[in-house]
Amino acid sequence: MNQVILKQKEQKEIENRKNESSIVYDTKKLNLWYGNTHALKDIDLPVQERSVTAIIGPSGCGKSTYIKTLNRMVEMNPEVRTTGKVHYRGRNIFDSSYPAEELRTRVGMVFQKPNPFPKSIFDNVVYGPKIHGITDKKILQKIVEKSLRGAAIWDEVKDRLKENAYSLSGGQQQRLCIARCLAVEPDVILMDEPTSALDPKSTLKVEELIQELKQNYSIIIVTHNMQQAARISDKTAFFLNGEVIEYDETDKIFSNPVDKRTEDYITGRFG
Amino acid sequence: MQFMDMKVVQSRMSKRLLLNQMTKWLFLASAIFGLLVLAVLLYRVIVDSLGWINIDFLTSVLSTKPEIAGIKGAILGTVWLMIIVGPVTMALGVSTAIYIEEYARPSKLTSFIQTNISNLAGVPSIVFGLLGLTVFVRLFGIGSVILAGGLTMSLLVLPIVVVASQEAIRAVPSYLREASYGMGATKWQTIKNVVLPVALPGILTGLILAISRAIGETAPLVVIGIPALLIPVPTSIFDRFTAMPMQIYYWTIDSVLVAEYAYLAAATIVILLLILFTLNSLAIIIRNKFDRRY
Amino acid sequence: MSNSINIRNMIEGSRKKSKLAMFEKTIPYLLFFAAFLSVLTTIGIMVTLTVESILFFRNVSFREFFLQPELKPLNPSDPKFSILPLLGGTLLSSIIAMMVAIPIGLTTAVYLSEYATERVRRILKPLVEVLAGIPTIVYGFFAFTFVTPVLRELIPALDRTNILSPGIVMGIMIIPIVASLSEDAMSSVPNSIREGAMALGATKFEVAFRVVIPAAISGIIASFVLGISRAIGETMIVTIASGSNKNLTFDVTQSMQTMTAYIVEVTSGDAASGTTAYYSLYAVAMTLFVFTLLMNLFARYMTKKFREVY
C-alpha cells in the first residue's frame with residue numbers, strides 16, 4: 001500500500017520535473033545593486049532548454065551583469081547585492097546550501113575575450129574534469145577529443161595538443177574555451193559576447209558552432225550584434241536600463257516588436 | 001558518452017569547499033605570522049630597554065661600565081655617516097637616473113649599466129665592505145674613518161636612489177617636457193626646471209629609504225674596522241668613529257661577558273628603530289602629499 | 001609692440017652666451033660619468049676580489065680550497081684552508097631560512113593576491129614589508145637573545161650558538177621578499193584567466209594553485225632565488241647567532257660558520273694583513289660574490305621571461 005503511494009509520488013515528481021524541465025532557468029523578480037547603483041530591476045525571465053536565448057540591449061543596460069548573475073560570477077565584485085530568485089532546474093541559485101562551484105559545473109561560461117589558461121591545449125581542456133575528480137588518463141584523453149570535436153576545433157589542433165594555447169589564433173582560442181567549457185559536460189552554456197573580439201570569419205565559425213551546440217545544450221548569449229541575435233537565437237530578450245523591456249520569439253522581436261523602445265533599438269535609432 | 005558524474009562531483013564538493021575555507025584561514029594566519037614575530041621582537045626589545053633609555057644614555061660617551069655607558073658617540077657617528085651618504089648618493093643617484101632616462105640612447109651600454117645597477121643591488125653588503133676596506137681604507141690610505149665608511153655606504157645604497165629616481169623621472173608626463181621644449185628651452189633647462197621639480201618627491205622618498213637602509217647596515221662597517229670601544233666623539237669626516245649598529249653588535253656579542261650589555265643593545269635598538277620609523281613616516285608623508293599633483 | 005621686441009632681444013642676447021652652450025654640452029658627459037661610476041663599482045669589486053684571491057691561491061691550491069674538508073686558518077704549525085665547512089654552514093642556514101620563508105611567503109602572497117579584499121591587501125602588504133625594513137643587526141640580537149633561548153627550552157641539545165636559530169630568523173626576514181615579489185607576479189596574471197577557471201566550478205584554492213601559481217611560476221621562482229641570494233649574503237644574523245665553529249657537519253644544533261661570518265671574523269680578528277689567512281677572506285668573498293651574482297642574474301632572467309608572457 002505504502003509502496004504504491006510512494007510510487008505514485010515518484011511518478012508525480014517525475015511528471016513535475018518534466019513540465020519544469022522545459023524551463024531550465026527561471027528568473028523571478030531579480031534585483032541587483034553595485035553599491036548604490038541599481039543595475040538590474042525586477043527581472044523576470046524564463047529560459048527554455050535546448051534553445052538559444054539571446055539578450056540584446058545597448059551598453060550598460062545590464063545584459064552582461066545579468067548573465068554573470070546566472071552563474072554567480074557577478075559576486076566576484078564584493079559590492080554586489082541581490083534580491084529575488086533565480087531558479088536553475090528548480091533550485092534557487094542563491095540558496096546558501098547550493099555552492100556556486102557546484103552550479104558552475106552545470107552552467108558553463110564563455111567570455112568576451114578568449115581566456116585560455118597559459119597551459120597546453122590538452123591541459124586547458126582537462127582542467128575542469130581534473131578539479132572535479134577525474135584523474136584517469138584514458139578517460140581524460142577521451143574527454144579532450146570529445147570536447148574539441150564538440151567545439152569544432154579537433155581537426156585543427158589534434159596534432160598539437162601539447163602546444164601552448166596562446167599559439168592559437170584568437171578564433172581558435174575562443175573555440176578552445178568553448179571546448180574547455182564542454183569538457184565538464186554542462187547543461188547550460190552562458191556566452192558573454194563571445195564573438196566581440198573575433199574577426200568575421202571566426203565569428204561565423206562560432207555562430208555555426210552555437211547552432212550545433214543547441215541540440216544538446218541550453219545556450220544563453222549576450223550580444224550587442226543584433227544581426228547575430230536574429231541569426232542564431234530562438235528567443236530574444238531586450239534589456240534597457242536594467243529592465244527587460246520585451247522578451248519573445250526572436251522572429252517576433254525583430255519583425256513585430258510590441259514596445260516602441262524595442263523597435264527604436266532594433267531599427268538602430270539608439271544604442 | 002557521459003564522463004562527468006554529478007554524484008561524484010557533489011560528493012567531492014563539500015570536501016573541496018572545506019579545503020578552500022581551511023586554506024583561506026591558514027593563509028591569513030600565515031600572512032599574520034610575520035606580523036606576530038615583528039610584534040614579539042618589538043615587545044622584547046622594548047621590555048629589555050626599559051629603564052636604560054634616558055637623557056644620560058643619549059648624551060654620555062661609551063664606557064665598559066654598563067651603568068654609565070652612553071651612545072652619544074654612536075649617534076654622532078651615524079649622523080656623520082649620513083652627512084656623507086645623503087649628498088653623495090643624491091648627486092650620483094640622480095645624475096645616473098637622469099643620464100639613463102633622459103640622455104642615454106637605448107644601446108648595449110645603456111642596458112649594461114641598467115643591468116649592472118640592479119645586480120649591484122643584490123651584492124651582499126659585506127662585499128661592499130671589502131671593497132671599502134681594500135680601496136678606501138687601504139689603497140687611498142684614509143683609514144677606518146667616517147669618510148671611508150660613508151663612501152662605502154654610499155655605493156651600497158646607490159641603486160636604491162637610482163631606481164627610485166628613474167621611476168620618478170619616468171612618471172613625469174611627457175606633455176610637461178613638450179611644453180618646455182615648445183618654448184625653446186634646452187634639454188638641460190627642461191630637466192632642471194620641469195622634470196626634476198616634478199620628480200623631486202619620488203627622488204626624496206628614494207633618498208630617505210636609502211638613508212634608512214644605510215643607518216641600519218652593519219656588515220660593511222664591521223669589515224672596514226670599527227673599534228669596539230672608542231670614547232672620543234668624532235668632529236670631522238677624517239675622525240675614527242663608531243655607529244649605532246656597531247654598538248648594538250658589540251654589546252650583543254659581549255652580553256655573554258656582561259649581561260647588562262644586552263639591555264644597552266636593546267636600548268640602542270629602540271633608538272635606532274625610532275629613527276628609522278620617523279624617516280619612513282617622512283617618506284610616506286612626502287609620497288602621499290605630492291602624489292599625482294600634476 | 002616695442003615691448004615684445006625688447007623681450008625678443010633679451011632672449012637672443014641670453015642665447016648667445018656661449019657659456020650656457022658649453023655647459024649644456026658638458027652635462028651629458030658629467031651625467032655619464034656618474035652612471036659609469038656604478039659600473040666602476042662592479043669592476044672595483046671584481047678586481048679587488050680577483051687580485052687578492054690570486055695572492056691567496058699562490059699559497060693554497062684549488063684542490064685544498066674546494067676538496068679537503070678542514071679549515072684552520074690560524075693554526076700556527078699547519079694551517080688548512082677549505083671553504084667546504086663555510087659552504088656547509090651557508091647552505092644549511094639558507095636551507096633553513098627558505099624552509100621558513102617559502103611556505104609562509106608564498107601562502108601570504110596567495111592570501112594577498114587571491115583571497116584578501118582590496119582594502120585588506122592595502123593594509124596588510126605594507127605591514128608585511130615592514131619586516132624587510134628592520135636592520136639585520138636587530139634580527140641578530142633577536143635571534144641571539146630570544147629565539148635561541150626559546151629553542152633551547154624545546155631542544156636541550158641546542159648549543160648556545162647554533163645554525164638553527166639564525167636560519168629561522170633569516171627566514172622571517174626573507175618572508176617579505178618572497179611574499180611581495182610573488183604577489184606582484186600573481187597579481188599580474190590577468191583576471192580573465194581566474195574567471196575562466198571559476199566558471200568551470202573551481203574553488204579559489206584551485207584557481208590559486210592550479211591556474212594562477214602555474215601561470216606566475218617564473219616570477220615566483222625569481223622571488224625564491226632572490227630570497228636564497230639574500231640568505232647567502234646575510235651577515236650579521238649568522239655572525240652573532242651561529243658562532244664560529246669551522247667543522248663540516250649537518251647537525252643544525254651545532255655552531256657553524258657561514259662564508260659571511262668568516263669574513264667578519266678574519267677582518268675583525270688578529271689575522272695580520274699579508275698573511276695567507278688574511279687573503280683567504282678574499283677567496284671566500286669571491287665565492288660568495290659569484291654565487292649571489294649568478295642567482296641574481298638567474299632571477300632577473302626569470303622575471304624577464306615572466307614579463308614577456310603578459
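These exercises, each with a worked solution, go through a predicted model.

Local features need pLDDT of at least 70, side-chain atom pairs count only at pLDDT 80 or more, and totals for chains, interfaces and linings use all residues. Residues are numbered from 1 along each chain as its sequence is written, chains are lettered from A and ligands numbered from 1 in the order in which they are written, and side-chain values use heavy atoms, without hydrogens and water.

**Exercise 1. A strand in chain A**

Task: Work out which way the residues of strand 6 of chain A point, and which strand it pairs with.

Solution:
- Step 1. Find the strand. Strand 6 of chain A covers residues 107–110. Helices (H or I, at least four residues) and strands (E, at least two) are DSSP runs, numbered from the N terminus.
- Step 2. Sort the residues. Val107(A) and Met109(A) point one way, while Gly108(A) and Val110(A) point the other way. In a regular strand the side chains alternate between the two faces of the sheet.
- Step 3. Check burial. These residues are all buried. Buried means under 20% relative accessible area, exposed over 50%, partly exposed in between (1.4 Å probe, protein chains only).
- Step 4. Find the partner. Strand 6 runs parallel to strand 7 (residues 188–192) of chain A, and four bridges join them. Two strands pair if DSSP finds at least two bridges between them. Val107(A) has Val188(A) as its bridge partner.

**Exercise 2. Salt bridges**

Task: Describe salt bridges in chains A, B and C, with burial where it is given.

Solution:
- Step 1. Fix the rule. A salt bridge is a side-chain nitrogen of Lys or Arg within 4 Å of a carboxyl oxygen of Asp or Glu. Over all chains, the search finds 31 of them.
- Step 2. Take chain A. Lys260(A) and Asp264(A) form a salt bridge at 3.0 Å, N to O. They lie four residues apart in helix 11 (residues 260–266), so about one helical turn separates them. Asp264(A) counts as buried because its relative accessibility is 14%.
- Step 3. Take chain B. Arg44(B) and Asp48(B) pair with their closest N and O atoms 3.7 Å apart. Both sit in helix 1 (residues 6–49) of chain B, four residues apart, so about one helical turn lies between them. Arg44(B) is partly exposed at 27%, whereas Asp48(B) is buried at 11%.
- Step 4. Add another pair. Arg213(B) and Glu217(B) meet at 3.0 Å, N to O. Arg213(B) is partly exposed at 32%, but Glu217(B) is buried at 9%.
- Step 5. Look for a network. Salt bridges link Glu118(C), Arg121(C), Arg122(C), Lys125(C), Glu183(C) and Asp184(C).

**Exercise 3. Two domains of chain C**

Task: Describe how domain 1 and domain 2 of chain C meet.

Solution:
- Step 1. Set the bounds. Domain 1 spans 2–58 and domain 2 spans 84–306. Such bounds come from an automatic or database domain assignment.
- Step 2. Place them. Their centres, taken over C-alpha atoms, are 38 Å apart. Each domain gives 10 residues to the contact (heavy atoms within 4.5 Å).
- Step 3. Give the buried area. The domains bury about 880 Å² between them, 84% of it on carbon and sulfur atoms. Buried area is the accessible area (1.4 Å probe) that two parts lose on being put together, summed over both.
- Step 4. Name the main residues. In domain 1, Leu49(C), Glu52(C) and Phe56(C) lose the most area to domain 2, together 57% of what that side buries.
- Step 5. Count salt bridges. There are zero between these domains.
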